[in-house]
Amino acid sequence: MQPTSSKHEQRSRATRSALVAAARRLFAERGYADVGTEEIVRAAGVTRGALYHQFRDKTDLFDTVVQTVEAEVTERIATQAMATASDPVEALRAGARAFLDAFAEPDAERILLLDAPGVLGWRRWREIGQDQGLGVITEALAAAIGTGDLVDQPVSPLAHLLLGALDEAALKVAHADDPEATRAEMAAALDRLVEGLLVRR
């Protein structure tokens with residue numbers, strides 16, 4: 001027989017998951033400002049008290065949603081695009097293209113690009129992005145340096161610069177009048193950026 005505390009923890013995790021899933025769907029559909037907590041708890045099938053037991057407020061819940069979406073995007077880029085590339089340089093190129101594609105999806109675009117910087121503040125938004133994506137970029141750059149494709153140099157500054165370029169490219173696409181054309185332009189520019197880092201043989 002399971003201890004009562006274990007059952008309580010399971011219920012708590014289930015409640016938290018339900019709130020995050022409901023909030024994610026609603027935030028993606030209409031945006032943070034147009035979704036109220038009453039609607040979230042109704043969609044999650046829990047009480048208002050349950051929401052405030054799990055989260056300080058709607059912004060705290062949104063922060064968790066942002067972390068969840070960012071983690072999924074990063075995992076998908078790392079495992080589906082970069083991990084299957086033929087070499088470290090192609091992994092960087094594939095990762096950049098996959099980044100733009102992933103952020104074009106409705107929930108990632110609305111939650112991560114359009115709402116998160118304003119709701120959470122620029123510093124917190126960048127912090128979440130760095131927590132999730134910086135390690136993947138750092139590993140790819142280190143691998144490219146290891147194969148001699150990139151000049152041997154400190155990896156951390158370069159990884160921060162590349163992550164910043166990716167974020168700016170995605171934001172440009174999200175706010176563009178013609179997202180498809182802008183995405184193609186940004187993908188080409190990122191390709192040239194990676195090309196410019198390569199050792200000339």
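In this predicted model, helices α8 and α9 pack with their axes 9 Å apart, at an angle of about 165°. Since angles over 145 degrees count as roughly antiparallel, α8 is therefore roughly antiparallel to α9. The crossing of α8 past α9 is right-handed. On the α8 side the contact is built from Leu158, Leu162, Ala165, Leu166, Ala169, Lys172 and Val173, and α9 answers with Pro179, Thr182, Arg183, Met186, Leu190, Leu193 and Leu197. By class, these residues are eleven nonpolar, one polar and two charged.

Let us step back to the whole chain for a moment. The protein chain has nine helices and zero strands, so read along the sequence its pattern is simply α-α-α-α-α-α-α-α-α. Along the principal axes, the C-alpha atoms fill a box of roughly 65 × 50 × 25 Å.

Helix α8 also packs on α7. Their axes come within 8 Å and cross at roughly 120°, which means that α7 is oblique to α8. This crossing, of α7 and α8, is right-handed. From α7 the contact takes in Trp122, Trp125, Arg126, Gly129, Gln130, Leu134, Ile137, Thr138, Leu141, Ala142 and Ile145, which meet Val155, Leu158, Ala159, His160, Leu162, Leu163, Gly164, Leu166, Asp167, Glu168 and Leu171 of α8. The contact of α7 with α8 counts 14 nonpolar, five polar and three charged residues. Leu158, Leu162 and Leu166 of α8 appear here and also in the contact with α9.

Earlier in the chain, helix α4 (residues 58-82) meets helix α5 (residues 88-102), with axes that come within 9 Å and cross at roughly 135°. That angle makes α4 oblique to α5, and α4 passes α5 in a right-handed crossing. Here Val73, Arg76, Ile77, Ala81 and Met82 of α4 touch Ala91, Ala94, Gly95, Ala98, Phe99 and Ala102 of α5. The residues in the contact of α4 with α5 are nine nonpolar, one polar and one charged.

Here are the three helix pairs side by side.

| Helix pair | Axis distance | Angle |
|---|---|---|
| α8 and α9 | 9 Å | about 165° |
| α7 and α8 | within 8 Å | roughly 120° |
| α4 and α5 | within 9 Å | roughly 135° |

Now for the empty space inside. How many cavities of 30 Å³ or more are there? The count comes to two.

The largest cavity holds about 210 Å³ of space. Its lining has 19 residues, and Ile77, Gly95, Phe99, Ile137 and Leu166 lie nearest its centre. The elements that give two or more residues to this lining are α4, α5, α7 (122-146), α8 (155-174) and α9 (179-197). The lining of the largest cavity divides into 14 nonpolar, four polar and one charged residue. Several of the central residues are familiar: Ile77, Gly95 and Phe99 belong to the contact of α4 with α5, while Ile137 and Leu166 belong to the contact of α7 with α8.

The second largest cavity has about 50 Å³ of space. Lining this cavity are Glu70, Phe103, Leu112, Trp125, Arg126, Gly129 and Asp167, and α7 gives the most, with three residues. By class, the lining of the second largest cavity has three nonpolar, one polar and three charged residues. Four names recur here too: Trp125, Arg126 and Gly129 of α7, together with Asp167 of α8, take part in the contact of those two helices.

Note on methods. Residues are numbered from 1 along each chain as its sequence is written. This is a predicted model: local features need pLDDT of at least 70, side-chain atom pairs count only at pLDDT 80 or more; totals for chains, interfaces and linings use all residues. Side-chain values use heavy atoms; hydrogens and water are left out. Axes are lines fitted to C-alpha atoms, for helices over the stretch in contact, and angles run from 0 to 180 degrees between N-to-C directions. Angles under 35 degrees count as roughly parallel, over 145 as roughly antiparallel, 65 to 115 as roughly perpendicular and the rest as oblique. A crossing is left-handed if the near helix is turned anticlockwise from the far one by less than a right angle, and right-handed if clockwise. Contact means heavy atoms within 4.5 Å. Ala, Val, Leu, Ile, Met, Phe, Trp, Tyr, Cys and Pro count as nonpolar, Asp, Glu, Lys and Arg as charged, and the others, Gly among them, as polar. On a 1 Å grid over the protein atoms alone, a cavity is a set of points where a 1.4 Å probe fits but cannot get out, and a pocket is an open set with protein on both sides within 12 Å along at least five of seven lines; lining residues have an atom within 4 Å of a point. Grid points are joined across faces, edges and corners, and a volume is the space filled by probe spheres set on the points.
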